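Visitor: Got a minute to walk me through this one? I'd like to start with how you count polar contacts.

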Amino acid sequence: MSQSELTSYFQQATMEMQLEYERIRARTSEDPGTAGDEGEENWANLLQKWLPGDIQIATKGRILCADGTATNQVDVVALSPLYPHGMLGKKMHLASEVLAVFECKTTLRGSHIERTMESASRAKEAIYRSHRKEILYGLVAHSHSFGDDVVKAAEKISRKIASAGLSHVEHPNNLLDFVCVADLGSWVVRAEMDEEYYGPGMVTYYSGPPTRNSRFAVNGTPPIGRMVTYTLRRLSHHYPKYQGLSGYFGMAGLEGGGSWSSDHLRHWEDFGGARDHVSLFT
């Protein structure tokens, strides 16, 4: 399969997501609850198609830790192949087998980034304390409310991600791992722990800046493709069996180009306690 073929599949998935967005938005004022549920199903279906076939996808529910702690409700979860089939229909997802969480929005707003950053920080900290386990936590959306100028919209989202992290996150592992807006771009967290060059530790979001003449791709890479490839790469660090697929997607160029802004850097000097490691792979 050539690079262009794989990219075209994600471009097609992006166009299908856009069509679904337009259909859902037409009925949102009549029944916003149903519209939201349909949007979540769109993303659940996409993840079921594009993540490895043994990963199980479930919608709605809370994550239950072994110590009895439960998170707030989440939209979509990716569960390990070991997850008991008898639990798939239940709405309390066992934390030990949760690989990733996806909060889903039809039209992304600044308040969504704020709330999801806070939810991600709380959930990731609770799961780590109970299970010494890191999970991925992302925010995905069909479209956004940040205006028609895609470059300015992307910058507004970058600023909001950075400010929300400052307000709600006390350890870099608890940051929101990625934000994907299907018709705009993707932002993925990046850590550089080279103390000699960067200082004690630097964390930022690496984004593919939208081009003004491309509605569905960032430097030729569909945002959905970039998000899936990043998810695969992060999972493959803990689950080596996914390294082949992750590597293929990466070599096919689905991570795309991108950059980070020095205006949005955050330096971490002291993580404190037993959780003094950083596991943000790029």
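Guide: Sure. A polar contact here is a pair of N or O atoms within 3.5 Å, and within protein one must be able to donate a hydrogen and the other to accept it. Keep in mind that this is a predicted model.

Visitor: OK, so what lies 3.0 Å from a polar atom of the His 171 side chain?

Guide: That's the backbone nitrogen of Asn 173. His 171 itself sits in the loop between α4 (150-168) and β7 (178-181).

Visitor: Is His 171 buried or exposed?

Guide: Buried, because its relative accessible area is 5% and the cut-off for buried is under 20%.

Visitor: Switching to the core. Which residues have the most contacts inside the largest nonpolar one?

Guide: Trp 43, Phe 102 and Val 228, in a core of 71 residues. Strand β5 (residues 98-108) gives the largest share of this core, with 7 residues.

Visitor: What does Trp 43 touch?

Guide: Leaving out residues up to four places away in sequence, its contacts include Met 17, Cys 104, Val 140, Cys 180, Ile 224 and Met 227. Trp 43 is also one of the buried residues in α2, among them Leu 46, Leu 47 and Trp 50.

Visitor: And aromatics? How many pairs in the whole structure?

Guide: The search finds 6. One of them is Trp 50 with Phe 249, edge-to-face, at 6.4 Å centre to centre and 65° between the planes. Trp 50 is in helix α2 and Phe 249 in helix α7 (residues 243-251), so the pair ties together parts 199 residues apart in sequence.

Visitor: Which residues form a cluster with Trp 50?

Guide: Phe 10 and Phe 249 join Trp 50 in one aromatic cluster.

Notes: Residues are numbered from 1 along each chain as its sequence is written. This is a predicted model: local features need pLDDT of at least 70, side-chain atom pairs count only at pLDDT 80 or more; totals for chains, interfaces and linings use all residues. Side-chain values use heavy atoms; hydrogens and water are left out. Helices (H or I, at least four residues) and strands (E, at least two) are DSSP runs, numbered from the N terminus. Buried means under 20% relative accessible area, exposed over 50%, partly exposed in between (1.4 Å probe, protein chains only). A nonpolar core is a set of buried Ala, Val, Leu, Ile, Met, Phe, Trp, Tyr and Cys residues joined through side-chain atoms within 4.5 Å. Contact means heavy atoms within 4.5 Å. Rings of Phe, Tyr and Trp (its six-membered ring) pair if their centres lie within 6.5 Å; planes under 30 degrees apart count as stacked, over 60 as edge-to-face and the rest as tilted.
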